[in-house]
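Thanks for coming. I will take the salt bridges, then two helix pairs, then some backbone details. Here is the model.

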Amino acid sequence: MQSLFEPAVVAVVGASDTPDTVGGAVLRRMQAAGFAGALYPVNPRHAEVAGLPCFPSLLALPGRPDVAFVASPAATLPAVLRDAVEARCKAVVLLGTAAGSQDDNTAALREDALASARHAGLRILGPNTLGVIRPRHRFNGSFTATDVKAGTTALLAQSGGLTSAMLDRGAAEGLGFSCVVSLGNQTDLDFADVLDFVTHDPATESVVMYIEGIRSARRFVSALRAAARIKPVIVLKSGRETAGSRAASTHTGAITGPDEAFDAALRRCGAVRVDDFLQLYAATKYLASRYRPVARNVAIVTNGGGPGVMAADRAGRVGLTLATLSPATMDRLERELSGRWSRDNPVDLMEDARPAAFAQALDACLTDPAVDGVIAIVTPQVMTDPSAVADLILAAAGRTTKPLIACLLGDTSIRAALPRLQAARIPTFRAPEPAVEAFADIARFYENQRLLMQVPGPRSHEEREPDVEGARAIVTEALATGRDSLSPMETKALLGAFRIPVSPSAVARTPSEAIVLAQQFGFPVVLKANARGLEHKSDVGGVRLDLRNATEVREAMLTIERDLQASRPDLGVDGATVEPMVVKAHGRELILGVLRDPVFGPVISFGAGGRAVEVFRDHAVALPPLNAELARALISRTQVGVTLSAWRGWPAADATALEDVLLRLSELACALPELEVLEINPLIIDEAGAIAVDARAVLSKVSAISETGRYGHMAIMPYPTELTTGWTLADGRHVTVRAIRPEDAAMEQAFVRALSDESRYFRFANALHELSESLLVRFTQIDYDRELALVAVVDEDNAPEQIGVARYVIDADGITCEFAIALADAWQGQGIGRRLLTRLTEAARARGLRTMVGQVLSHNSRMLGLMNAMGFTVGPDPDEATMRRVVLDLARVA
């Protein structure tokens, strides 16, 4: 990736002296940017292009190219790729239509060539890409028509057209970028790869993305979570509607998943989604400023009542809160403004406000603890000089760390003020609505960080441990007999295996059997048609409710059979299911379920249940795994969630019971990759608890996500409970080894602080005394798909103390990991380190990794002895003379 984004040698294949061709434009963009490396045009038809020597092929270049930009005809692509591999080029960028279309005669040949190039280790960006721009490195490998300033925001987009539009509009307002990547069709390099690069790029402080589709949900989610932990990420995704999804798929050849699952993924990743190009651009302007995300309490200061009301209206619609000004602020404004203001938020200074009034109001609001940020709306008036107010805004911004957004209405009167505000990186807008929306989008990022922080850990089931093997047996038997669905009885048994309360039921094949079962359950009862393939029984008269005696049961049984034979003769009716009639005076009917999204795998659904589900469409979805806070957040995004509280004389429903059902469903989704659909409708809940009344399940043998590993069907790797182990010491104390969790941050910090200077130096190779906040987040909020940290904890259940930690991080090749280990000084030499490292290597091997590597200081003799004892190869480190490089062949040791 370094070769692509910071190359020393660049080749342009298809370069020409014609400036309006792709090859000609890219070459001239590179020259105009002042690229300091070697630049080689490649075209067999020319000896010189743009004043540079031109070469007939990549193999004829005097130096090995880091990256080759390919703009030659599609028919030449196989030969160009072969030359790139032979020339040991590290990356190629397939500009525009260099790879041709998907339906011409040579498409298959080009696809084979692309596959061979990837197999040989050549990284490919595109095709259908506009290129790559790194302004700070004077590197513009694109055919955009715009010069790009250096900035702090990375722009990653699938659409070359949208990329060009963003750059063109940004240039007019002095907006700069740290990195611009047009990904095109993502034949090889995709959003995950590029996100990983910009996440670790010190020049990038924030990321904006335009997405049409993604190919690997697990890799995308992992990369996005890693990025959003340390940098704001804003996303615009097309394809909200079905027609838009089809268009996006046709345009990029990408897989476009249903929109709700994508929204759920972004929330869980801590990123923010915007609805349109204008919002994306507004958010980009905000991110280019000096400000970071904050909460939602905003103050509006204006000299125009109408614009202030417009801003307040939009704030309410996008979820912002108009801050309640403190009594001290109110008194100060009343005193300094001599009563000439609205005495509320928005702070309306009236049309005749002098610039000094703006200064007083801005300072009062910005120093109010209840205010998270201020939007200053300036309208041109005779008494209000916009240029003078702009200077006061600049001064106020210099005295605060809170966001201060400028909104200057008009045109002629504000032209002189705009460049000064933009040059000072003050977010500046020309209308109230985009200013408010930009503030709201960034505030949502602040809130979504709470969801990102949630890493569901192991649940303490005590005697209610789920019967996972029993559930798998039900699914395996159904698939073995060629069925793709479970019967209602089997579905309830599946729920019961995960300790979800279900109403009892039994199948009766004759009226007499139905009467016997009804008497056993107790009247009233419900009869439901028992017919394979019948999904919505009530739609065809297959349900009879509130049957109160034997006669009603007999008549209902006969009526169900007769009606179904008349309306659905294709179904083989096999009697009816008899269940107790669940009657709850304060019961709320809900629908809960698991649905496998084609891109993101299983999603958990919650909403209003009953027969009118499709009418009201009140539901929300979330990606598993869940914990209690994530479950509560899911419930809160629905209207029916409000009715679960005490309401019009009804007692509050048992929230704990509902959360438990959602967490059980999450466990079920994690454990059973064959599950295509599971629906509980209704789940009835009241103050006494919850019970699943009806349920259905659909199965599939094919996993939607083909990643490797135990949880390959999921977009987010669950907490690896299976790695937990432990032993009891001679003094009776218990040592637990388990994966680290976010709530371990304080324990991890205390562990590092307690290390001796020597131990800290052996671990970090510098004089670090404690972990910075960013390092602490990095060490405890980990993505278990990319890395693993095992902590050894003494007395976990009482006064837990961390005594050691061993971790690995997977390299970009996907088969190698780098490890590190540290032990508390008092616990060294007791075999703890060996146990920790053994458990870590076992986990790496189970993950499919082949090699584990690390660095050990040459004078750390105790650690080097452990390495030798555990089978590591110890040798010199080619990059650090003071280090020894240790390597473990995981396959050989196994």
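Asp785 has a relative accessibility of 10%, under the 20% cut-off, so Asp785 counts as buried. Keep in mind that this is a predicted model. The partner of Asp785 is Arg218, and their side chains form a salt bridge with an N to O distance of 2.7 Å. Where do Asp785 and Arg218 sit in the chain? Asp785 is in the loop between α26 (773–780) and β34 (787–794), while Arg218 belongs to helix α7 (residues 217–228). That puts the two 567 residues apart, so this is a link between distant parts of the chain. Arg218 is at 2% relative accessibility and therefore counts as buried too.

The total under the rule used here is 47 salt bridges. I will show a few others.

Arg733 and Asp795 pair through their side chains, N to O 3.4 Å. Arg733 is in the loop between β32 (725–728) and β33 (734–739), and Asp795 is in the loop between β34 and β35 (801–810), so this salt bridge ties together parts 62 residues apart in sequence. Are these two residues buried or partly exposed? Arg733 is partly exposed because its relative accessible area is 27%. Asp795, at 23%, is also classed as partly exposed.

Next, Arg753 and Glu770 form a salt bridge in which the closest N and O atoms are 2.8 Å apart. Arg753 is in helix α24 (residues 745–754), and Glu770 is in the loop between α25 (757–764) and α26, so the parts being tied together are 17 residues apart in sequence. Glu770 has 40% relative accessibility, hence partly exposed. There is also a network: Arg123, Asp188, Asp190, Asp193 and Arg219 are joined by salt bridges that share partners.

Now the helix pairs. For two packed helices, the description consists of the angle between the axes and the distance between them.

Take helix α6 (residues 191–199) against α7. Their axes come within 8 Å and cross at roughly 15°. An angle under 35 degrees counts as roughly parallel, so that is how α6 and α7 are classed. The crossing is left-handed. On the α6 side the contact residues are Phe191, Ala192, Asp193, Leu195, Asp196 and Thr199; on the α7 side they are Arg219, Phe220, Ala223, Leu224, Ala226 and Ala227. Sorted by class, this contact has eight nonpolar, one polar and three charged residues. Asp193 and Arg219 appear in this contact and in the salt-bridge network.

The other pair is helix α19 (residues 511–521) with helix α20 (residues 550–567). Here the axes come within 9 Å and the crossing angle is roughly 140°. How are α19 and α20 oriented to each other? They are oblique, because roughly antiparallel requires an angle over 145. This crossing is right-handed. From α19, Pro511, Ser512, Ala514, Ile515 and Ala518 meet Ala550, Val553, Arg554, Met557 and Leu558 of α20. The classes are eight nonpolar, one polar and one charged.

Last, the backbone. Asn345 and Pro346 are joined by a cis peptide bond with omega about 15°, and Pro346 is in the loop between α12 (327–336) and β17 (347–348). Pro624 and Pro625 are also joined by a cis peptide bond, with omega about 0°. Pro625 is in the loop between β28 (619–622) and α22 (628–636).

Arg88 is not a glycine, yet its phi is positive, about 60°. Arg88 lies in the loop between α3 (77–86) and β6 (91–95) and is exposed, at 56% relative accessible area.

Methods:
Residues are numbered from 1 along each chain as its sequence is written. This is a predicted model: local features need pLDDT of at least 70, side-chain atom pairs count only at pLDDT 80 or more; totals for chains, interfaces and linings use all residues. Side-chain values use heavy atoms; hydrogens and water are left out. Axes are lines fitted to C-alpha atoms, for helices over the stretch in contact, and angles run from 0 to 180 degrees between N-to-C directions. Helices (H or I, at least four residues) and strands (E, at least two) are DSSP runs, numbered from the N terminus. Angles under 35 degrees count as roughly parallel, over 145 as roughly antiparallel, 65 to 115 as roughly perpendicular and the rest as oblique. A crossing is left-handed if the near helix is turned anticlockwise from the far one by less than a right angle, and right-handed if clockwise. Contact means heavy atoms within 4.5 Å. Ala, Val, Leu, Ile, Met, Phe, Trp, Tyr, Cys and Pro count as nonpolar, Asp, Glu, Lys and Arg as charged, and the others, Gly among them, as polar. A salt bridge is a side-chain nitrogen of Lys or Arg within 4 Å of a carboxyl oxygen of Asp or Glu. Buried means under 20% relative accessible area, exposed over 50%, partly exposed in between (1.4 Å probe, protein chains only).
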